[in-house]
Amino acid sequence: MKVLVTGAAGFIGYSISKRLLQEGVEVVGVDNLNDYYDVRLKEARLHQLDQQGFTFYKESVENRYAMDTIFHKERPTHVIHFAGQAGVRYSLENPEAYINGNLVGFYQMMELSKEYSIQHFLFASSSSVYGDRQHQKDKPFNEEDRTDTPASLYAATKKSNEMMSYSYSQLFSIPVTGLRFFTVYGPWGRPDMAYYSFAQKMVQGESITVFHNGEMSRDYTYIDDAIESVWRLLHNPSEERVPYQVYNIGSSSPVRLTSLIEELERGLNKKAHIHYAPFQKGDVTHTFADVEKLLERVNYKPTTSFRQGMKDFIGWFTEYTVKG
Ligand SMILES: NC(=O)c1ccc[n+]([C@@H]2O[C@H](COP(=O)([O-])OP(=O)(O)OC[C@H]3O[C@@H](n4cnc5c(N)ncnc54)[C@H](O)[C@@H]3O)[C@@H](O)[C@H]2O)c1
């Protein structure tokens with residue numbers, strides 16, 4: 001097995017690359033190191049991966065010629081496609097980044113996976129495909145639920161990825177697995193996400209902006225649990241006539257925004273100064289994963305408690321911020 005990981009300098013791409021290397025799997029990493037957030041964090045992650053078995057290319061996935069050269073030279077057997085423009089709110093500011101990275105880039109990766117007979121193509125979808133389910137917040141989101149009312153362009157690109165890859169799977173029998181991640185957090189995480197940006201603001205004594213009066217909750221998923229799920233699914237492609245599946249990757253345990261702030265206050269030993277703001281367009285109020293399908297397929301579901309996960313994040317954050 002030789003795995004091409006796109007977005008390898010990103011939070012989840014870095015984490016899966018690290019795990020693959022630990023398991024003795026050869027990894028080819030690709031990332032364009034864009035400046036959506038601090039590039040030094042991406043470089044620091046890459047530095048952690050700088051070891052035997054890891055080869056890195058700084059490239060954009062939508063660059064067909066460059067990606068073709070990489071596939072030709074490296075001959076990966078599996079693709080984990082995590083490169084893409086993340087973030088819901090930013091898709092209102094810079095929609096083009098989502099069209100280029102998430103649609104054009106995705107198409108190029110599918111074409112090359114077909115051309116080079118990739119044995120299993122896994123990609124990052126998102127819980128955002130479920131849309132805003134404000135009035136059904138106690139009902140976990142199930143893979144069978146409708147996903148045709150995206151609340152943002154970001155969500156629309158992720159839903160498109162699911163549909164594009166289904167068509168490739170059906171037409172060319174490519175085994176495809178879509179991973180609907182639910183708010184993945186932890187050490188080496190993403191500074192644009194609430195848990196991380198709140199931590200940064202709180203240590204700097206700045207106020208944090210809380211939307212919708214804090215009436216929000218997220219199914220926070222600890223990074224190691226997400227990675228364990230991806231590792232197991234990597235070895236379990238669908239064997240059906242159309243070898244395509246999507247799975248929720250979540251903890252199935254929603255956390256209220258107010259509880260997130262309490263954990264940060266406790267862990268950082270700081271009081272949060274809260275600035276309340278109205279509901280943000282494009283956002284969703286609640287997420288809640290049903291993970292029975294994942295459990296059934298790989299005999300595993302996330303287990304780390306939010307308190308333990310935040311403790312680990314704050315430990316890393318404190319060290320990284322002090323060092324950095
Ligand atoms: N973290 C989460 O909670 C979460 C939830 C749902 C879905 N996802 C999805 O999972 C994937 C990984 O997310 P993440 O949290 O690691 O984000 P991230 O931003 O840390 O990682 C994405 C990486 O891809 C790179 N990249 C972006 N566009 C690229 C392009 N066109 N070509 C090459 N590289 C490119 C970026 O430089 C970055 O390093 C993304 O597709 C994201 O949308 C993440």
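A helix crossing is called right-handed if the near helix is turned clockwise from the far one by less than a right angle. In this predicted model, helix α5 passes helix α6 in just such a right-handed crossing. The two helices, α5 spanning residues 95-115 and α6 spanning residues 153-172, pack with their axes 10 Å apart and at an angle of about 15°. Since angles under 35 degrees count as roughly parallel, α5 is therefore roughly parallel to α6.

It is worth a look at who meets whom here. From α5, the contact draws on Pro95, Tyr98, Ile99, Asn102, Leu103, Phe106, Tyr107, Met110, Glu111 and Lys114. On the α6 side, Leu153, Tyr154, Thr157, Lys158, Ser160, Asn161, Met164, Ser165, Tyr168 and Phe172 take part. By residue class, the contact of α5 with α6 comprises twelve nonpolar, five polar and three charged residues.

A second helix pair involves α1 (residues 11-22) and α2 (residues 39-49), whose axes come within 10 Å and cross at roughly 5°. Helices α1 and α2 are therefore roughly parallel to each other as well. Phe11, Tyr14, Ser17, Lys18 and Leu21 represent α1 in this contact, and Arg45, Gln48 and Leu49 represent α2. Four nonpolar, two polar and two charged residues make up the contact of α1 with α2.

As for annotation, an unreviewed UniProt entry lists residues 3-250 as "domain: NAD-dependent epimerase/dehydratase". Over residues 3-250, the chain is 41% helix and 19% strand, and the C-alpha atoms at the two ends of that stretch lie 24 Å apart.

Note on methods: Residues numbered from 1 in each chain as written. Predicted model: local features only at pLDDT ≥ 70, side-chain atom pairs only at ≥ 80, totals over all residues. Heavy atoms only, no water. Axes fitted to C-alpha atoms, helices over the stretch in contact; angles between N-to-C directions. Helix = DSSP H or I, 4+ residues; strand = E, 2+ residues; numbered from the N terminus. Parallel < 35°, antiparallel > 145°, perpendicular 65-115°, else oblique. Contact = heavy atoms within 4.5 Å. Nonpolar A, V, L, I, M, F, W, Y, C, P; charged D, E, K, R; others polar. UniProt positions renumbered as here; feature names shortened; annotations may be inferred.
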